Amino acid sequence: MKISIITATYNCAQTLGDCLCSVASQTYSSREHVVIDGASEDGTLDVLQASRSQLAVLLSEPDRGIYDALNKGIARASGDVIGFLHADDVYASPDVLAHVAKAFADPAVCAVYGDLHYVRKDNMSQVVRVWQSAVFTPQRLAWGWMPPHPTLYVRKDWYERIGGFDTRYRIAADYFSILQMFSQPDFKAVYLPVVFVKMRLGGASNRSLKAMVRKSREDWNALRRTGVGAFGGVGALVWKNLSKLGQFK
């Protein structure tokens, strides 16, 4: 079983090297790394070209945002399973993909996910927030639960089934895709209580108050479109945000 790891890049030369090394260090060999760059201008392409031999796909051209880039990656991926590793992030250990592949040995499994550590930008050994996930249930989904998207691995045919990410969302397309897939009765997801990813703080959804407000609006829209959330989506939106408070160290 081949796992495709998709990374979208744009002007991230300072952190990209850690991401590339992290993928190359994975012990699971049946993998490919697909990188979609948004026409970077800061030396990102130089970093990518220096590691070109370890990349199955390298495309650099203007895009319409991160979800457009991820859709391009999905279209070009040849793996049975799709996962994403952002340019600022690294795997928590060399065995993450091995754990993922072992869980997917069951053909009934549609998705696998784990835990996430948020770390300081300038010190990845310092954990600031711990996102410990849980076993999926429809009730949890209805109350705003979601798996940490950077830890989520899904069979490619499921992304084809939902048409990839809806690029009308600028921040919450990942949440909308999770609601679409996890709400299906035949979607079997497996939780592994293992830290998959170390994520630097400062992502698109939490870098400013304006971004957080937009994220909530997009979450609300996603909940209303899918009809998943408790109390018409209000309960899900409220608890989705409140549940984060206990994650900070």
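In this predicted model, the side chains of strand β1 fall into two sets: Ile 3, Ile 5, Thr 7 and Thr 9 point one way, while Ser 4, Ile 6 and Ala 8 point the other way, and all of them are buried. Such a pattern fits a familiar rule, since in a regular strand the side chains alternate between the two faces of the sheet. With seven of the seven residues in the strand (residues 3-9) buried, β1 is largely enclosed by the rest of the structure.

The neighbours of β1 in the sheet are worth a look as well. Strand β2 (residues 31-37) pairs with β1 in the parallel sense, over seven bridges. Within β2, the residue opposite Ile 5 is His 33. To get from β1 to β2, the chain passes through helix α1 (residues 13-24), and the resulting β-α-β crossover is right-handed. Strand β4 (residues 81-84) also runs parallel to β1, and four bridges join the two. Here Ile 6 has Phe 84 of β4 as its bridge partner.

Attention now turns to a loop residue, Asp 166. This residue sits in the loop that connects α6 (156-162) with α7 (173-182). At a relative accessible area of 14%, Asp 166 falls under the 20% cut-off and therefore counts as buried. Its side chain makes a polar contact with the side chain of Arg 168, at 2.8 Å. Leaving aside residues up to four places away in sequence, Asp 166 touches Ala 173, Phe 176 and Arg 225.

How values were computed:
Residues numbered from 1 in each chain as written. Predicted model: local features only at pLDDT ≥ 70, side-chain atom pairs only at ≥ 80, totals over all residues. Heavy atoms only, no water. Buried < 20%, exposed > 50% of the residue type's maximum accessible area, 1.4 Å probe, protein only. Polar contact = N/O pair within 3.5 Å; in protein donor to acceptor, adjacent residues only side chain to side chain. Contact = heavy atoms within 4.5 Å. Pairing = 2+ DSSP bridges. Right-handed = clockwise from strand over helix to strand, strands pointing away.
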